[in-house]
Each structure stands twice: as C-alpha cells, then as structure tokens.
Amino acid sequence: MSDASIGGMGRRSFLSAVGLGAAALGGGSLLSACGGLKGTGGSSSDVLKIGYVSPQTGPLAGFATADNFVVKQIQEAVRSGFTAGGKKRTIEIIVKDTQSNSNRATEVTRQLINSDKVDLIVGSSTPDTTNPVADQCEANGIPNVTTIAPWEAWFHGRNGKSGEGFKYTTLFFFGMREFADCFFPMWERMDVSNKNVAALWPNDTDANAFREGLGPMMKEAGYTPIDGGAYQNGTTDFSAQIAKFKESDAELFTCTPIPPDFQTFWKQAQQQGFRPKLATVAKVMLFPSEAEALGTLTDNIATDFWWSPAHPYKSILDGKSAQQLADDFAAETGKQWTQALGSVYSLFEIAIQAFKEAGDPKDRDEVAAKLRGMKISCMSGDLDFTAGPEPGIAIQHPVGGQWRKGEKFPWDVVIVDNTPNKAVPIGGDLRPTNG
Amino acid sequence: MGWLNAVIQGLLLGGLYALFATGLSLMFGVMRIVNLAHGDLAVVASFLALALVSGTGLPLWVVLVVTVPLFAVLGYLTQRVLLQRSLSSGPLATLLVTFGLSIVLQNVLLEVFSADTRTLDGGSFATGSFELNGSISIGYLSLATFVLACAVLVGIQLFLSRTGLGRMLRASSDDRETANLVGADSRHVYGIATAIAFATVALAGLMFAMRSSFDPATGPSRLIFAFEAVVIGGLGSLWGTLIGGIVLGVTQSLGSQIDPALTLLAGHLVFLAVLAFRPQGLIAGRTA
C-alpha cells in the first residue's frame, strides 16, 4: 500500500508469535521466582521460629529497604536468648519475599507454615501483603501480626466480623479516622478560597477504602471531595482527572495512588496547570527514594508520618531510641531512614513479647491470645491491641510532615503538624506546596 | 472543551506510543522477530541515561544525544551476536531468546539499581507547557515527543525508500536468499535494522522516563502498548504504526473522559475490535 511497508509478514505468523509472547509474559513470574534468606539457628524445640513476609522486590520494594538491617538488629538484640515458658529460647527468623504480588504472598506464607514449620508469622506493607498473609495464618491457626496497611482494608477486606475480629491475626497501623485527623488540621491551616479537595483515588483496595472512608469524613468536616474517578493503576495519562480538578478550583489535594502513577500525575499536573496550594498524599512519598525521583517537584509535599527519628520511642528489646535506630541504619547501609524501619522493628518486638508472655510459646492458641491482648510500649510507641476500633487492632496516630531540601540527604522530612500526637516534636512551619 | 482537551492530549500520548512501537514494528517487519525484551530495552535506556546523568553530571540533552547512538551500536551487536544465531532455528527460538533477554535485563537492573522508582529529571522542559486557552495546556515534552515520533517515522521511511541500504533492507525482508544472491549481506542488513529499532526504543524509553517514572519491572507493562499500536495500525506499515499509536492514545484519553476506570480498557477494546473486524489493521501493509 505505501512504500513504507517493510516486509511481507503474514498476519497469522505475527499473531501466533504475539500469542506465544503473551503466554511467555504470563509465565514470567514463575520463572523469576526465587527463595528467601534463611536466618541462623537449628530446629530444636528451644528455637522459636518467626517467619517474615514482605515485598522485597517489585514495585512495593521501597517498603522493604530496611528489612535485612532490622532482622540483623533483632538477632543481635536477642542473641543471648530470652526466657519463655520456663526455658531459655533463641529465635530464628525466616525471611520470604512476595515480589509485590499477593498470590506469591499466599504461596510463601504456606511454605513458612508447611515446610518451615514456623511458630509465628509477621508481615508488612500494603494490604496486598498483609491480607493474604493473615488469611493463611487464620486458616492454619498460626499467630500473626502485620502492619503498614489501613486497618479497614485489612479487617473488612478479609470479612472480619465487627466486635469479634479474628482469632489468630492482629494488626497495628491506623485507618481513615487517623488519616483525617492527620490531614484535616493541615488543610485548616491553609488559606484557601474554597473547601473543594481534589482526590486522586484509583480502583484498588487501598484507594477504595479511602473513597468509602475518608470521603464521607471530608464531607462531615465541611470539605467536598472532587473524586477524579476510579482509574486503573498503570495509567499513563491523567489529563481527564487534571481537567476535572482544575474545573473545580480545588486548592487542596489528596491521593492514594501507586508510587509510579503519582510521579506521572504530579508531573502532568504541573505541566497542565493544576498546582494545589497543599498536597497531603497517602501511600506515596513515604520514602526518600520517591522524593529523590520526583526532584524539585517534591518540595513541601505533605504526607502522614507514623514513625520518624524524631518520635520519642524506644526499643523494648535493648532500649535503643528511634533516633539511634535511624542513625545505625544510615551508618550501616549508607541509606536514609524510612518509616518502615520502625514498623518492621516493632513487628519483631511484639512477636518476642508474645512469646515471653505465653506460658508455652509453642502453644499457638495461647500466643495468639497474647497477641490479641497485647499492650506494649515499643519502637512504634504505645500500642494497645485491646483498645482498637476492632479487637486485635492497635492504632497509631500519624503526624503531618513535609519534604524539604535536606543537608545530609537530598530530601528530609520536617514534622509540621502534631495535632494527632502531641508527643512528637514539631520541626518546622507548614508551608504551601505550590507557593 | 473537555472533549477537545481529551483528543489533543490523547493525540500527543499517541505520538509516544507510536515512537515506542516503531522499533517493534521494524524488527518484526524485517526479521520477523517479536522482540519481547522491547519494553525492557526502553527501561535499560532510561537507567543508562540516569547513570550517565548522575555519573558525569552532563546535562540531560547531551546524555540523550549520547544514549541513542550508543543503543544503536548495542542493537547492531545484539543482532549479530545473539539474535542472528537463533534466527536460523525458526521464530520460536528468537521468541525465547528475547523472552530470556527480557528476564535477564529485568533482574540485572534490579541487582544494579534496586527496585526504587526513578525518573529522568527533565526540569522545566518536562513540566513546562503553553496554554491554548484556559482549559487546554500543551506540555513541551508531549509536543516534542509527538514531533519526534513523526520525524523518526519520516526519517525511516525516507531511508527505506531512497537509500541503497534501505532498498537492500526491504529486499532482505522480502526474500532473504535472493537478496543474498544479488550481493546483500543479510546479516549486516539485519544488524542495521536492529540498530535503528534499538535507537528508536531508546528514544521512546527516555521520553517515557521524563514523562513518568520507571523501575526494573516497568518493561512488560509498556510492551503491551507497543503491541497494540502495531496491531491496530496494521502490520508492516510504518505509517500504520503512527496511526495505531494515535488511535490507542486518543481512545484511552476519551475513555478516561467518560470514566477514568475505562482508560486502559478502552484501548484494549479497540485492539480487540481491530483484531476481530479488521485483522489487517487500519492501514494494511503488503501481505505475504
């Protein structure tokens, strides 16, 4: 037809090749599978085995940056063992990688239960990890504690019965109420001409929880959410959402996208002239690597901080402060602290505490009961698993922080609003994101 | 006005898809290689540029100018060293080789650069725009990508139709044995085709990287857009690839205007519709 034609390819040959290709792509996750790290220790009954499941590779890997460091810290802190159930015990930690895939999370949890015969499983980061891990533990009667997932997504996403909860699975983190308590005071402090809030919420578990949870709370507080619509993750163009936000004259912005999509959106928003006065984002900009990737556009984006070196918390294992933990992490890995550092550390504090409190740490029902009734003052602050919105959930109260140019690292966090948790010291003023 | 904006933004996005699909179209057209590592190569180019920027401190545009020819050389070598050997064993072997390459690239990137999400910081160029009116702004980067896509396609078109090497390339793709008989070295010719394909995929990868972000696992999800653009536009036609990219971009953009949940689905549906009702694509190339 045109002389740009390059070659006599048959349609069938191309299509069959494409078909094969698609099949090959689908099989990729199987081929790239790999096992986890193994901790030290033997298999005698004095050894308590803790399985740890987290997304160490793939798009969620930012949450797991501190994993190896934390596992090492914990192993050092309890190297000489501890007494539980009248005997001296040591722990062995078996680490598994979900590759950021919820199916794989299920699979590795099963491995931990069936092949590694662990006594307790801890897991972290996003409902894609916490929910499949908790489901497996509940079904197999393994005591379990997870973190870094909104409790609603964890509880309702697993069909938890209100007032009853689960027998074996527990969680510490926070939910929509705490997001609201963290974001609303910052919004109130901004000088805005209207109460519209642009909301970028995709169609996934996290964002739907925000749509159904935070949306009504915003209305109650007098704000109008301008929902950009339930787009699919991995979208490359946000023109429609940006146009809608601009039309609404919203000067406040909130979102719950996956990190790569936020980078795309934020650049496009700048390009197409949507520059909100204050952006309070959730799920993204939690880690320095994201702040660095976004470059100058990072300045003064606000997000929720449930843990930072400034938090006045201490390890229950060896008394190490949050600041020390962050400094040790920086010294050992050369990397900047992340919030997951404190949370992952606490997972093990709680697990070890449950072992210590139980009459027989090998008795799964008893350890699970100790988890559900746990009150602990640890690296993540005071956690009370009996006082949460549902049984077996301990609530943290995140404070508002903004990304600013740092001294030692390119971007640093400054805590700008501590309304929800007065124990955390303020580090600076709240500034407009787009001045 | 919202609809007009959607069409314009979709058109510009289509330019990016087309640029990205060109290499895939070219490699299939000339050698019948379905390059499953296409998306990953784009990501490799992005990481290479990132490493050059942070390693040498050169401005981004210099790095772009360096990366693209570097990738062309890499393409030539890949063809001669890796793909040529598998070509003689039939299409399945090359498919498996490129699939393997895809996995190797992803894992090497993961090992070297970790899973962190990165972007190329294009500064004010990447975020700047001019306004057509109050509700339509056109980004410099999007516009540049679109113009670049057209320029690349015109360039390849001219190369294929006007130069001796281009004619040899077309001859080799039509009938390799006969072309060899009359003096074309098909291995060299194939190398050239792969070099061009790699250069375009590097360019597309860099544009993608400035526009959004990338990590070692982004490749395969990008690949699907390139496949769709090639199939929608019509196999074997470079202009078809441009049209295919634009149709895909505009469809996605219009889909998101109706309901953001439809964005990607709308593109896939058009792809399916083309396969079902006009399998030769919107602009049919020469068929065998």
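The pLDDT is the predictor's confidence in each residue, on a scale from 0 to 100. It is a suitable starting point here, for the model on display is a predicted one.

**Stop 1: colour both chains by confidence**

Begin with chain B, whose average pLDDT is 89, with 98% of the residues scoring at least 70. Select helix α2 of chain B, residues 38-56: among the elements of that chain, this helix has the highest mean pLDDT, 94. Then select helix α5 of chain B, residues 123-127, where the mean pLDDT is the lowest among those elements, at 81.

Turn next to chain A. Its mean pLDDT is 87, and 90% of its residues reach 70 or more. Residues 1-13 of chain A have a pLDDT below 50, although this stretch still has 48 contacts in the model beyond near neighbours in sequence. Residues 15-44 of chain A also stay under 50, and for them the model has 37 contacts beyond four places in sequence. For the complex, the predictor gives an ipTM of 0.80 and a pTM of 0.81.

**Stop 2: chain A as a whole**

Display chain A as a cartoon. Its secondary structure comes to 14 helices and 16 strands. Of its 435 residues, 57% count as buried. Among contacts in chain A with a separation of 6 or more, 73% are between residues 24 or more positions apart.

**Stop 3: two domains**

Colour residues 47-174 and 309-395 of chain A as domain 1, and residues 177-305 and 399-417 as domain 2, following the domain assignment. The C-alpha centres of these two domains of chain A lie 28 Å apart. Where they touch, domain 1 of chain A contributes 13 residues and domain 2 of chain A contributes 16 residues. On the side of domain 1 of chain A that faces this contact, there are seven nonpolar residues, five polar ones and one charged one.

**Stop 4: the sheet that contains β1**

Select strands β2, β3, β1, β4, β5, β6 and β14 of chain A. In that order, these seven strands form an open sheet with mixed pairing. Strands β2 (82-84) and β14 (393-395) of chain A are the edges, each pairing on one side only. From one strand to the next, the twist averages 30°.

Now focus on strand β1 of chain A, residues 47-54. Is this strand largely enclosed or largely open? Six of its eight residues are buried, so β1 of chain A is largely enclosed by the rest of the structure.

Both partners of β1(A) can be examined in turn:

- Strand β3 of chain A, residues 87-97, runs parallel to β1(A) and is joined to it by eight bridges. To find this pairing, select Val47(A), whose bridge partner in β3(A) is Thr90(A).
- Strand β4 of chain A, residues 120-124, also runs parallel to β1(A), with four bridges between them. Here Tyr52(A) has Val122(A) in β4(A) as its bridge partner.

Continue from β4(A) to strand β5 of chain A, residues 144-147: four bridges join these parallel strands. Gly123(A) has Thr146(A) in β5(A) as its bridge partner.

**Stop 5: Ala84(A)**

Return to strand β2 of chain A and select Ala84(A), which lies in that strand. Why is Ala84(A) classed as buried? The cut-off is 20 or more other C-beta atoms within 10 Å, and Ala84(A) has 23. Leaving aside neighbours within four places in sequence, Ala84(A) is in contact with Arg89(A), Phe355(A), Lys356(A), Ala358(A) and Pro361(A). A distance label drawn from the C-alpha atom of Ala84(A) to that of Leu48(A), 36 residues apart along the chain, should read 9.9 Å.

**Stop 6: the sheet that contains β10**

Finally, select strands β8, β7, β9, β10, β11, β15 and β16 of chain A. These seven strands form an open sheet in that order, and the pairing is mixed. At the edges are β8 (224-227) and β16 (411-417) of chain A, each of which pairs on one side only. Neighbouring strands of this sheet are turned against each other by 35° on average, direction ignored.

Within this sheet, look at strand β10 (residues 278-281) and strand β11 (residues 302-305) of chain A, which pair in the parallel sense over two bridges. Which residue of β11(A) stands opposite Thr280(A)? Ala302(A) occupies that position.

Key
Residues are numbered from 1 along each chain as its sequence is written. Chains are lettered from A and ligands numbered from 1 in the order in which they are written. This is a predicted model: local features need pLDDT of at least 70, side-chain atom pairs count only at pLDDT 80 or more; totals for chains, interfaces and linings use all residues. Domain bounds come from an automatic or database domain assignment. Two residues are in contact if their C-beta atoms, placed from the backbone, lie within 7 Å. Ala, Val, Leu, Ile, Met, Phe, Trp, Tyr, Cys and Pro count as nonpolar, Asp, Glu, Lys and Arg as charged, and the others, Gly among them, as polar. Two strands pair if DSSP finds at least two bridges between them. Axes are lines fitted to C-alpha atoms, for helices over the stretch in contact, and angles run from 0 to 180 degrees between N-to-C directions. A residue is buried if 20 or more other C-beta atoms lie within 10 Å of its own, exposed if 12 or fewer, and partly exposed in between; C-beta atoms are placed from the backbone.
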